[in-house]
Structures are given as structure tokens and as C-alpha cells.
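Visitor: I should like a close look at one part of this model, namely its salt bridges. Please describe them together with the elements that surround them.

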Amino acid sequence: MAGRKNNPAPEPDPQGGNPDSGSGSERDPRAGGIPNGGTLGGAGTLAEWLTNGGEACDVVLSSRVRLARNLAGHLFVHRAAKDERERVLQTCRDWILGANVCDRIMWVDLHESPQLDRNLLVERHLISKQHAKGKPAGSGGAVSPAADEPRAVAISIPDERLSIMVNEEDHLRIQMMHAGLSLEECWKHVSAIDDKLEAGLDYAFSPKLGYLTACPTNVGTGMRMSVMLHLPALKVTGEIEKVKRAATDMNLAVRGFYGEGSDAIGDLYQISNQTTLGKPEGAVLTELQDSIIPEVIQYERHARNTLLSKRRAALDDQVFRALGALTHARLIAADEAMQLLSLVRLGVVLGIIPNLSVQAVNTLFLLVQPAHLQRVLGKEMDQEHRRIGRAAMIRERLTK
Amino acid sequence: MKCESCDNEATVHDTLLREGAWVEVHFCEACAAKQGIAQPGASLNDLLTNFVLPQIAGEAAKRPKPAKARTPVCAECGFTFEQFRQAGLFGCPSCYTAFESLLLPLLERAHEGAMQHVGKVPKRITEAASGKESVNGARALAERRERLEREKLLRRQLDDAVKSEQYELAAKFRDQLQRLLDSSRAADPSRNA
């Protein structure tokens, strides 16, 4: 936690942690203190979706369901001044921490967290880039930098399946992420948590338009279901464009590893529903889980088999060149590492590379990201030193 | 001191804004009640309905009406449809009602032609609809909403008073707000800071 500033307005801390010990506070009597950052971001603990395989894990990394909810009687976040955001935050915090939504929960006040910590949460898909940056306050309030605007995230630990963003675009963004193709489990799990939250929080809801959200593209169920897919073979054969077109025709969005506006680095794609009004959650679930996603999976597997049977030498060559570059590079950027890891992952699931687990490769997808790299190596570094450090870390992890 | 309206002893003293000027008034309890002036211990709701609201309404009536707005405005938060167009986001949940007619074509396009929610509904809505919800729960929810509404109104009035540099009035609103917040905390521990 280099460069951590003192908490400007430390609240009385029931567990007696000191203000330097990190912005995350954990609500668990057994924990006996505030984790000093070791809970998140270290190489030691990793999210469940990275360490478990799950169904169709040769193609699917994770499934995610998020619900957008707002409190009745409050301005939406972008319009609210700082004091109103604070009130919303307080109301949500009190209820979320007391509602018993999971065994152990960690609360992070993002307006008091160092940038590196916030980036770490973005890389772990626990908060959005937008939430890391903050949103400028609505008119009428004191003007302060967007990063200082009151906002937070609650995370279930150590599995990191649940994350509840407070004061993002909507007052609440409740997200559930499980390993593999598991949309149904995610939906059941997140809906149960939503039930616990609505028992104490008065949601803005209209019988006609459903859950009212800041943006009308989310109104209705407020639900977005997405699946993170690894599609290297479809990329090699060029058929990925067909998948994208078909998805768009079915009102689905295809995005990159880090969501809206991000590239599909590492051949990782997220497919998600766009329609939230007039279609119940169960229908979206059935459509994605039982029909569309299995088709994409079959398509990718078919492309992989074609590469194996018709272009084996070229495939082996590409996979081993990637492994060679990763195990011998002395300077490497994150995007290049992701691209090479993608081929190595393909090699592992097809049995071309023995003695390496898919989980180890999945984990590297995360650890090569700038904030994680700096956390693992224990210091903040400039780009050149990050590239050196990244190359060394990959070498060590792939050759041990 | 005698009451301004009758010969009883004046026990309620207040400062009121009358036709743009501050005047001191002195009434007995009965006449004060008739005049709609709050006494210590009177409920904030009475205060609002008898005193603040007519006054605000009166002041609003005095203000020159703005030229007829070309773009619809949300009565709840003052957000305009034009602002929505620029931001792509609404100002508050009530904007959906305020802009409903303009919004429906947009929703139709964004959601494959649908204009009616199907899917999950909060339990309190389904229970209220089927009459299963306990009377106490319904009352608590209604009270909570009412408090929220009052809180919102007071905050807006406080803002307006500060903006128009009416600091005495602002101080009153501030105190009323404080009392309301204190009583909310007492009534509803989940809102405790």
C-alpha cells in the first residue's frame, strides 16, 4: 500500500484497526482486524472464478449477473450533490453490512482508497472503470474532484463472488460472478441477495416499467447477464466476426475482457443481454444458458478441432512460439502477454502443452495487469520496470 | 402581552414573512392555531401544511412565471428532457413518469418493442397488492416515505432560501430539518449514522 494517505475522516472503528491499515474494512468477528490489503490482490488469494474450473471451462472463464437498483426518493447518482451521495452511501452501508448477505464481507470506501487499490478492483472485475474514477457531482453541491465523490464497494471474501457497488451509475449495482458456465447459479444467488437488500432498502420501482434506473437502457429487470468466453480458435479462423454479427442480431452485446469499450485482448469476449424490459429474467437466462452460449461454445470447439486435425503443425508452432516468448522475454507489455497467454491457454486445454493447468494460465491473465503486477512485486513502478518485472514473474510462474 | 386577535395572553411569538417584510406576531395558543402558526410541540407536518406550504405557494405565485417551457420538466427534480437527451441519464425515478410519453418510443427501440415490465417484483409490492402485508409494515413504510418526502421538501426550501440570501428563513428550515432527521433516527434505527 505504498503512498496510502491517511483516512481524512476516520470513523470510529469497532475493531480498533488503525487508519493506515487500508481502506477495506471487514465485518467479521473472526477476522480480528482490518486486512491490510492481503485479502485482495495478493497472489495468495484468488477469486473463486479463477481457481475453479466450472462447466465448459475450456471455453468459459466466468458467468456474471448484475442487478441495477436505486433508492426511492433520491436523485440518481449523477445528479446528486456530495451530501446526498453521502446519505445514500450511509443508508446502503448500514443495511448491506447488517443484512447477512454472505459469511464475510469487505467494505471499501473508494473515495478514500489509493488509485492502485481501485485499479486492482477493476482488474479483478469487482468494480467498473467508471466506479474507480468516480463521477463528478451534480450541480448545487461543493465541487470536488470526481475521485473524492462518496462511493464504495462491498465484496464477499475470500471467494469474491459478490460485489455491490454503491453510487456507481445507479445507487446499487449488485454483481454475482461464478466460474464456468453458471448463469443459473449466479441468478439464483444474486436474486436471493437482492431479496435481503430490498427488505430494508426502499427500491425505486414502477409496476409498468419495473426497476427504475438512471439510464433507460437498464430499466425493467435492471439485469445484465454476461459470460466471459475464450475464443482463440474462432479468432484464428476469422469466424469470430460471424459470432459478433449473429449476437448483435439477437440484441446481445459483445465486449472485451474489461467490458464496455475495451478490446478483446487475449481473445476474451463477454457476451451479454441488452434487453431489460418486457423479458423476464428467466427468459433471458434460458436464451443465453441453454441456447446461445452453448452454440458459441460448440462453434469454438469445432474450430479448435479443425485446427487440430487440419492445421496441427501451424497450431503447435504458434502455441510453442507463444510459450517460448513468455518463458524467455525480458521485457513484456500487458497486452502482448495477454495475447501470448491466450495461445498458451489454447495449447493447455487441447493437451498440446503438458504439465500446466488452465487455472495457472487464468491466474496469469490477471497477474500481468499493471495494478496486480505492482501488488505482487510489492512496489509502484514505471512502465519500463513493470515490463521487466512482468517478464520475470511470468518466467518464474511458467517454468517452476 | 396580549394576543393580536383577542384579549387572551399571547403565548406564541413568531416572525413571519408578510408581503416581503418580516413582522413579529403574538398570539394566544388558540388564535395561533387558527393562523396556522406552529407552537412548540406541534408536528412538523402541521407546520408544513399550515405555514410553510402556503407561504411557499404564495411566494411562487408572486414570482413572474417563466416563459412557457419548450421542453418538459420533471416536477420532482427539475430535470428537463433536453438535459436527459444530453446526459443519456434521468435525474430521479420520477423522471420516468414526467417524460413518459416522450420516453416510450425510446424504450420501444431499446427493448425490442416492449413497454411493460415482466419479471421480478419487490416483495413489498406483491404483498401490498395481495393485501398480505401486515398493517404495521405498511404503516411503517408509508411513514418512512412521508418523512423522506418532507425531508426532500425541506432540503429544497433550505437551498432556495440560501440561494435567495434569506438566511433567517434558511435557519428555520435548517432547524426543522434537523428535528425531522432526529425524529427519523429515533423512529427508524436503520437510518442511524
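Guide: The account below begins with conventions, then moves from the contact between the chains to pairs within a chain.

The model is predicted, so local features are reported at pLDDT of at least 70 and side-chain atom pairs at pLDDT 80 or more, while totals for chains, interfaces and linings use all residues. Residues are numbered from 1 along each chain as its sequence is written, chains are lettered from A and ligands numbered from 1 in the order in which they are written, and side-chain values use heavy atoms, with hydrogens and water left out.

Over all chains, the structure holds 27 salt bridges. The term denotes a side-chain nitrogen of Lys or Arg within 4 Å of a carboxyl oxygen of Asp or Glu. Side chains of opposite charge can pair in this way when their charged atoms come close.

Between chain A and chain B the count is 6 salt bridges. One pair joins Arg87(A) to Glu151(B), with 3.8 Å between the closest N and O atoms. A network of salt bridges links Arg69(A), Asp194(A) and Asp195(A) with Lys120(B) and Lys123(B). These chains also share 22 residue pairs in polar contact, both residues being at pLDDT 80 or more. A polar contact is a pair of N or O atoms within 3.5 Å; within protein, one must be able to donate a hydrogen and the other to accept it, and residues adjacent in sequence count only if both atoms are side-chain atoms.

On the side of chain A that touches chain B, the elements giving two or more residues are α2 (82-98), α5 (183-198) and β8 (210-211). Helices (H or I, at least four residues) and strands (E, at least two) are DSSP runs, numbered from the N terminus. The largest share of that side, 5 residues, comes from α5(A). By class, the side has 19 nonpolar, 16 polar and 13 charged residues. Here Ala, Val, Leu, Ile, Met, Phe, Trp, Tyr, Cys and Pro count as nonpolar, Asp, Glu, Lys and Arg as charged, and the others, Gly among them, as polar.

The contact (heavy atoms within 4.5 Å) takes 48 residues from chain A and 42 residues from chain B. About 3800 Å² is buried between the two chains, 56% of it on carbon and sulfur atoms. Buried area is the accessible area (1.4 Å probe) that two parts lose on being put together, summed over both.

Within chain A, Arg161(A) forms a salt bridge with Glu48(A), the closest N and O atoms being 3.0 Å apart. Arg161(A) lies in the loop between β4 (152-156) and β5 (162-166), and Glu48(A) lies in helix α1 (residues 48-51), so the pair ties together parts 113 residues apart in sequence. Arg161(A) is partly exposed at 22% relative accessibility, and Glu48(A) is buried at 11%. Buried means under 20% relative accessible area, exposed over 50%, and partly exposed in between (1.4 Å probe, protein chains only).

The loop that carries Arg161(A) belongs to a hairpin of β4(A) and β5(A). The hairpin has 5 residues between its strands, and Glu160(A) in the turn has a positive phi of about 60 degrees. These strands pair in the antiparallel sense over 4 bridges, where pairing requires that DSSP find at least two bridges between two strands. In β5(A), Val166(A) is the bridge partner of Ala152(A). Strand β3 (residues 105-109) of chain A also pairs with β4(A) in the antiparallel sense, over 5 bridges, and Trp107(A) has Ala154(A) as its bridge partner. Because 5 of the 5 residues of β4(A) are buried, this strand is largely enclosed by the rest of the structure.

Other salt bridges lie within a helix. Asp317(A) and Arg321(A) meet at 2.8 Å, N to O; they are 4 residues apart in helix α9 (residues 312-328) of chain A, hence separated by about one helical turn. Asp317(A) is partly exposed at 38%, whereas Arg321(A) is exposed at 58%. In chain B, Arg85(B) forms a salt bridge with Glu82(B), with 3.9 Å between the closest N and O atoms. Both lie in helix α3 (residues 81-87) of chain B, 3 residues apart, which is again about one helical turn. Arg85(B) is exposed at 55%, while Glu82(B) is partly exposed at 37%.
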